[in-house]
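Colleague: Please take a close look at a single part of this model, and follow its surroundings outward in one connected account. Please also state each criterion where you first rely on it.

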Amino acid sequence: GYLKLDGAEIPRDEFVSFRSKFEDALGPALLTTGVGCTTGGGSGLRYAYIDLALTNLKQAVPLIRNTLAEHHAPLRSWLLFHDDDLAAEWIGIYRETTAPPMDVE
C-alpha cells in the first residue's frame, strides 16, 4: 500500500521534511510491532507519498492512523493500495477524511 498526504499548504522547500517526519515515525512503529515497514517515498506537485509493505492490515491501520495523527498529518491523508484486489479501496487517516481524488482513465 501507500500513503497519500496532501501537501498543498507546504512550501516547496519544506516538502521533503514534511514527508520525512511521517516516514521516519512510521518506519520504526511498523517494524517494532511486526506489522510492516516503509519501503520509500516520493513527492509530486501537491501530494507526498510513502510506500508501505504491510503484513497485517487489521493491526497496521490503527497504528498508521495514530502515528500520523500524533505528527499532525493533513486531514486529506489516505492509505491506498497497489494490490489489484484492493486498488479501489481507501482508508482515511481521520474519521472526517473525505474520499481521495481518483485517477481518471
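Modeller: Helix 2 (residues 57-70) lies across strand 1, strand 3, strand 4 and strand 5, and runs at about 145° to strand 3. Helices (H or I, at least four residues) and strands (E, at least two) are DSSP runs, numbered from the N terminus, while axes are lines fitted to C-alpha atoms, for helices over the stretch in contact, with angles from 0 to 180 degrees between N-to-C directions. This is a predicted model in which local features need pLDDT of at least 70 and side-chain atom pairs count only at pLDDT 80 or more, although totals for chains, interfaces and linings use all residues. Residues are numbered from 1 along each chain as its sequence is written, and side-chain values use heavy atoms, with hydrogens and water left out.

Helix 1 (residues 15-33) lies across strand 1, strand 2 and strand 3 (47-54), running at about 170° to strand 2. The axes of helix 1 and helix 2 come within 10 Å and cross at roughly 150°. That crossing is right-handed, where a crossing is right-handed if the near helix is turned clockwise from the far one by less than a right angle, and left-handed if anticlockwise. On the side of helix 1 the contact (heavy atoms within 4.5 Å) is made by F22, A25, L26, A29, L30 and T33, and on the side of helix 2 by A60, L63, I64, T67 and L68. Sorted by class, these comprise nine nonpolar, two polar and no charged residues; Ala, Val, Leu, Ile, Met, Phe, Trp, Tyr, Cys and Pro count as nonpolar, Asp, Glu, Lys and Arg as charged, and the others, Gly among them, as polar.

Within helix 2, I64 repays attention: leaving aside its neighbours within four places in sequence, I64 is in contact with L3, L26, L30, L52, L54, L79 and I93. I64 also belongs to the largest nonpolar core, where, of 22 residues, L3, L5, L30, I64, L68 and L79 touch the most other members. Such a core is a set of buried Ala, Val, Leu, Ile, Met, Phe, Trp, Tyr and Cys residues joined through side-chain atoms within 4.5 Å, and buried means under 20% relative accessible area, exposed over 50%, and partly exposed in between, with a 1.4 Å probe and protein chains only. Strand 1, helix 1, strand 3 and helix 2 each supply at least two residues of this core, and helix 1 gives the most, with six residues.

The sheet is open and has five strands in the order 2-3-1-4-5, with antiparallel pairing; two strands count as paired if DSSP finds at least two bridges between them. Its edges are strand 2 (36-43) and strand 5 (90-92), each of which pairs on one side only, and the twist averages 25° from one strand to the next. Strand 1 pairs with strand 3 in the antiparallel sense over five bridges, and four bridges join strand 1 (residues 2-6) to strand 4 (residues 77-80), also antiparallel. Y2 stands opposite D51 in strand 3 and has L80 as its bridge partner in strand 4; L3 stands opposite I50 in strand 3, and L5 has S77 as its partner in strand 4. Five of the five residues of strand 1 are buried, with Y2, K4 and D6 pointing one way and L3 and L5 the other. In a regular strand the side chains alternate between the two faces of the sheet.

Further out, strand 2 and strand 3 form a hairpin with three residues between them, joined in the antiparallel sense by seven bridges, and S43 stands opposite A48 in strand 3. R19, in helix 1, reaches this region: beyond its neighbours within four places in sequence, R19 is in contact with G41, G42, S43, A48, Y49 and I50. R19 counts as buried because its relative accessibility is 13%.

After helix 2, the loop that leads to strand 4 holds H72, whose phi is near 60°, a positive value in a residue other than glycine. Most residues other than glycine have a negative phi. H72 is exposed, with a relative accessible area of 63%.
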